[in-house]
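Let's take a stroll through this structure together, one stop at a time. Have the sequence and the 3D view ready, and follow along as the names come up.

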Amino acid sequence: MEFVNNQTNDPFSMLTVSDMETKQEIFSQLLTQLDLSVLETLPQEVAKEKIANSCYQFLNKQTRPISLDVRQVLIKLITDEILGLGPLETLLEDPTIADILVNSYDRIFVERSGKLEQVSVQFYDDKHLLNIIDRIVSGVGRRIDESSPMVDARLKDGSRINAIIPPLALDGPALSIRRFTVDKLQAQQLIDYGSMTQPMAELIQAAVLGKLNILISGGTGSGKTTLLNILSGYIPDNERIITIEDSAELQLQQPHTVRLETRPANIEGKGEVSQRELVKNCLRMRPDRIVIGEVRGSEAIDMLAAMNTGHEGSMTTLHANTPRDGLGRLENMVCMAGFDMPVHNIRTQISSAIDIVVQLQRQEDGKRRITSIQEVTGMEGDMITMSEIFTFRREGKSDDGSIKGRFAATGVVPTFARRLKDKGIDIPHSLFTVDMLSNGF
């Protein structure tokens with residue numbers, strides 16, 4: 001991962017130490033003069049206007065000269081502090097940022113276009129950062145303290161957050177935010193970005209329409225949820241879809257969708273609802289499709305059972321570096337469920353449940369690519385057999401650090417092509433021609 005330092009459009013970069021001290025001074029005075037409980041009941045614009053007027057009164061009393069631009073930045077930061085999430089608001093307003101990573105109160109990184117860069121945005125101290133974290137988690141009915149020092153939650157816009165505080169975080173509170181994308185990507189955009197080719201898009205669209213069970217595998221930040229969103233968009237509107245997630249991120253547009261989300265234990269350690277319980281419950285809700293945001297534990301056994309008992313066209317994601325590693329992780333998750341089942345039987349369950357594994361990777365140049373699409377073909381002895389249909393062939397690096405390579409069909413015609421044809425979905429064999437290379441970089 002490449003690190004750069006880019007302060008473009010960063011209001012903090014224009015502030016001096018004296019400006020930040022002025023900001024803290026005004027903020028402290030406003031807390032004593034304004035009734036925050038009343039401000040929260042006012043329309044957002046009215047509350048902002050009241051705060052701005054009070055800020056101008058204090059700024060006009062300053063003995064040192066403060067430019068108009070700096071005044072506007074200070075007012076915005078103070079408003080964000082009172083009504084929003086403090087310094088984070090500036091970053092959350094930037095649509096080019098995919099991830100916000102707060103390593104400590106004074107070291108914040110963001111990801112743009114697959115590359116990490118440090119920004120000048122800072123919190124005042126650990127207590128300031130902890131207050132903002134507490135504001136986030138309490139807003140969604142969760143808590144964070146020494147007895148429960150880790151939390152997963154989401155912001156109002158759907159962005160996913162993870163926070164961890166001392167004693168587990170040795171250098172002070174840390175916060176990670178995975179931004180929620182308002183504009184849902186389409187397959188054509190992934191083709192334009194060089195993440196896959198048109199033939200690959202046609203194949204996975206046919207797989208969804210033909211109700212094949214799809215496993216999306218990849219590392220953190222490789223684009224698994226984005227691809228899952230795109231694939232779910234191909235599900236017909238007349239099918240009933242149940243989605244199950246730890247933190248709701250999927251953006252399904254179909255009218256017949258029921259969204260389920262896990263719940264952590266309360267302060268007394270009670271009330272937790274796990275993904276496994278939701279998977280079991282959704283089977284009683286007459287789903288045509290089950291979409292699990294990410295399978296990560298014992299719910300794998302229930303998911304595989306559902307896929308093997310008539311719930312075709314189900315989809316999920318998991319963390320793994322290769323398609324075979326993905327199947328191996330599923331096997332381990334089934335074992336975590338506590339079932340005393342022979343390995344051969346577990347693998348048989350997996351091979352009969354999963355039809356396609358789509359492997360994603362965020363590569364060194366920051367680009368996310370589908371590096372492999374493989375069909376699960378069955379069993380040979382105790383081994384699950386797989387056939388690669390499409391692959392990404394690396395051919396080195398260019399001078400600017402970009403990955404050179406191209407997508408290729410392996411020449412293998414998947415066995416499920418006949419199943420799809422029987423359902424009226426005809427995939428031309430020319431799609432799999434071995435010498436048809438496309439999207440070279």
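**A walk through the model**

I427 counts as buried because its relative accessibility is 6%, where buried means under 20% relative accessible area, exposed means over 50% and partly exposed is in between, all with a 1.4 Å probe and protein chains only. Before we go on, a word on where this comes from: this is a predicted model, in which local features need pLDDT of at least 70 and side-chain atom pairs count only at pLDDT 80 or more, while totals for chains, interfaces and linings use all residues. Residues are numbered from 1 along each chain as its sequence is written, and side-chain values use heavy atoms, with hydrogens and water left out.

Back to I427. You'll find I427 in the loop between α14 (416-422) and β17 (437-438); helices here are DSSP runs of H or I with at least four residues, strands are runs of E with at least two, and the numbering starts at the N terminus. Which residues does I427 touch, leaving aside neighbours within four places in sequence? Its contacts are L203, A206, L420 and F432, with contact meaning heavy atoms within 4.5 Å. For a sense of scale, try N345: I427 and N345 sit 82 residues apart in sequence, and their C-alpha atoms are 32 Å apart in space.

Now for a pair of helices. Two packed helices are described by the angle between their axes and the distance between the axes. Take α10 (residues 275-282) and α11 (residues 299-307): their axes come within 8 Å and cross at roughly 20°. Those axes are lines fitted to C-alpha atoms, for helices over the stretch in contact, and the angles run from 0 to 180 degrees between N-to-C directions. So α10 and α11 are roughly parallel to each other, given that angles under 35 degrees count as roughly parallel, over 145 as roughly antiparallel, 65 to 115 as roughly perpendicular and the rest as oblique. Their crossing is left-handed, the term for a near helix turned anticlockwise from the far one by less than a right angle, with clockwise making a crossing right-handed.

Who makes that contact? On the α10 side there are Q275, R276, V279 and K280, and on the α11 side E299, I301, D302 and M303. Sorted by type, the residues of this contact come out as 3 nonpolar, 1 polar and 4 charged. In this sorting, Ala, Val, Leu, Ile, Met, Phe, Trp, Tyr, Cys and Pro count as nonpolar, Asp, Glu, Lys and Arg as charged, and the others, Gly among them, as polar.

R276, which lies in α10, deserves a pause. Is R276 buried or exposed? It counts as buried, because its relative accessibility is 17%. The side chains of R276 and D302 are joined by a polar contact of 2.6 Å; that term means a pair of N or O atoms within 3.5 Å where, within protein, one must be able to donate a hydrogen and the other to accept it, and residues adjacent in sequence count only if both atoms are side-chain atoms. Beyond four places in sequence, R276 touches S298, E299, I301, D302, A337 and F339.

As for α11, it is mostly covered, with 8 of its 9 residues buried. Among them are A300, L304 and M307. The buried residues of α11 pack against α10, β11, β12, α12 (323-336) and α13 (343-353). Follow the chain onward and you meet G310, in the loop between α11 and β12 (315-319). G310 counts as exposed because its relative accessibility is 59%.

A second helix pair is α4 (residues 68-83) and α6 (126-138). Their axes come within 11 Å and cross at roughly 50°, so α4 is oblique to α6. The contact involves D80, E81 and I82 of α4 together with H128, I132 and R135 of α6.

Last stop: some backbone quirks. Most residues other than glycine have a negative phi, and most peptide bonds are trans. R286, not a glycine, has a positive phi of about 55°, and K211 has a positive phi near 60°. P166 and P167 are joined by a cis peptide bond, with omega about 10°.
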